Amino acid sequence: MVNQSSPVGFLLLGFSEHPRLEKILFVVVLCSYLLTLLGNTLILLLSTLDPRLHSPMYFFLSNLSFLDLCFTTTCVPQMLVNLWGPTKTISFLGCSVQLFIFLSLGTTECILLAVMAFDRYVAVCQPLHYATIIHPRLCWQLAAVAWIIGLVESVVQTPSTLHLPFCPHHQVDDFVCEVPALIRLSCGDTTYNEIQMAVASVFILVVPLSLILVSYGAIARAVLRINSAKGRRKAFGTCSSHLIVVTLFYSSVIAVYLQPKNPYARERGKFFGLFYAVGTPTLNPLIYTLRNKEVKRAFWRLLQKEVEPS
């Protein structure tokens with residue numbers, strides 16, 4: 001992965017030109033990270049310990065929670081160090097590892113959200129055949145496909161990005177080592193890398209998002225055919241949490257990876273990148289717990305077990 005122009009390290013600029021904003025962001029990011037650890041760990045525990053949550057929906061949700069834990073832990077500790085003190089450097093090896101894991105997990109989440117949309121489509125549109133179609137073996141296969149696609153994407157794109165001839169100042173205009181920021185740092189021809197990123201964006205962002213939209217289009221038609229208002233609310237309630245998560249995740253990712261080339265878009269992209277890396281992993285467990293009665297009931301059952309005398 002290392003070429004002759006590979007620096008000893010990079011300087012992650014972030015919002016270094018706004019020191020006061022950095023102190024505020026440090027507190028926000030730290031609180032968000034703690035909530036991420038707490039919320040996603042809780043979902044993993046509930047999905048594992050409560051037999052009533054041993055279903056395909058919560059199997060995929062536990063995959064998402066584990067992914068979010070890994071995703072934030074990859075970048076947030078380094079981000080906190082950079083936000084708090086004057087030292088904003090990251091070693092070339094550290095940047096390489098961060099880029100590889102960031103790409104892999106980000107791609108996996110795109111595919112996993114599409115898989116979860118397919119699960120909701122079958123639950124609403126084919127309820128009588130749900131257990132037959134979404135059987136445990138298929139769940140493991142779909143989850144494995146999502147993780148493997150993420151790994152393959154990172155194996156392909158990380159080396160080509162790190163082989164770029166970087167400018168001598170080594171200043172990455174971002175919080176983390178991401179592909180768009182490293183491409184901007186290059187002083188050589190980046191045509192191949194930009195084409196590669198565009199193609200990857202189509203297959204990893206546009207295609208899964210299109211499948212999600214098709215799934216929810218079919219779900220909307222099925223819900224509208226339900227006669228009772230209570231039935232429609234119940235059917236929509238099974239999908240609303242996932243739909244909110246999809247909206248938050250894809251809107252921020254598209255803003256980062258498909259932004260136009262101008263300074264204003266770049267600054268705006270930093271905020272979206274921060275939300276994509278820190279905000280969505282924090283909000284995901286909150287959305288699924290606050291809007292999901294089964295998760296809340298499982299939580300209270302777990303608490304009751306803990307307080308019961310032995």
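In the predicted model, the chain comprises 10 helices and three strands, and the order of these elements along the sequence is β-α-α-β-α-α-α-β-α-α-α-α-α. The radius of gyration of the chain is 21 Å, close to the 19 Å that the globule rule gives for 310 residues, so the chain is as compact as a globular protein of that length. The C-alpha trace extends over about 65 × 45 × 35 Å when taken along its principal axes, and buried residues account for 50% of the 310 residues.

Two salt bridges were found in a search of the whole structure. In one of them, Glu 22 is paired with Lys 88, with 3.0 Å between the closest N and O atoms. This pair joins distant parts of the chain, since 66 residues separate Glu 22, in helix 1 (residues 19–49), from Lys 88, which is placed in the loop between helix 2 (56–84) and strand 2 (89–91). With a relative accessibility of 6%, Glu 22 falls under the 20% limit and therefore counts as buried; Lys 88, at 9%, counts as buried because its value also lies under 20%. The other salt bridge is formed between Asp 119 and Arg 120, whose closest N and O atoms are 2.8 Å apart. Here Asp 119 is buried, its relative accessible area being 2%, and Arg 120, at 8% relative accessibility, likewise counts as buried.

On the surface, a positive patch is made up of Arg 52, Lys 230, Arg 233, Lys 234, Lys 293, Lys 296 and Arg 297. Helix 8 (229–257) and helix 10 (293–307) are the elements that each contribute two or more residues to this positive patch. Among the patch residues, Lys 293 belongs to helix 10 and, with a relative accessibility of 59%, counts as exposed because this value is over 50%. Helix 10 also contains Val 295, but this residue is buried, with a relative accessible area of 4%, so that helix 10 holds both an exposed lysine and a buried valine. The C-alpha atoms of Val 295 and Ala 123 are 18 Å apart in space, while the two residues are separated by 172 residues in sequence.

A nonpolar surface patch of about 610 Å² is formed by Ile 195, Val 199, Val 202, Phe 203, Val 206, Val 207 and Leu 211. One of these residues, Val 202, is located in helix 7 (residues 191–224), and its relative accessibility of 41% places Val 202 in the partly exposed class, because that value lies between the limits of 20% and 50%.

The backbone at His 170 was also examined. This residue is situated in the loop between helix 5 (136–162) and strand 3 (171–172), and its phi is near 55°, a positive value in a residue that is not glycine. Most residues other than glycine have a negative phi.

Methods:
Residues numbered from 1 in each chain as written. Predicted model: local features only at pLDDT ≥ 70, side-chain atom pairs only at ≥ 80, totals over all residues. Heavy atoms only, no water. Patch = residues over 30% accessible without salt bridge, like charges linked within 9 Å, V, L, I, M, F, W, Y side chains within 5 Å. Areas by Shrake-Rupley, 256 points an atom, 1.4 Å probe, with all protein chains shown as cover. Salt bridge = Lys/Arg side-chain N within 4 Å of Asp/Glu carboxyl O. Lys, Arg positive; Asp, Glu negative; His and termini not counted. Charge placed at Lys NZ, Arg CZ, Asp CG, Glu CD. Helix = DSSP H or I, 4+ residues; strand = E, 2+ residues; numbered from the N terminus. Buried < 20%, exposed > 50% of the residue type's maximum accessible area, 1.4 Å probe, protein only. Rg over C-alpha atoms; globule rule 2.2 N^0.38 Å.
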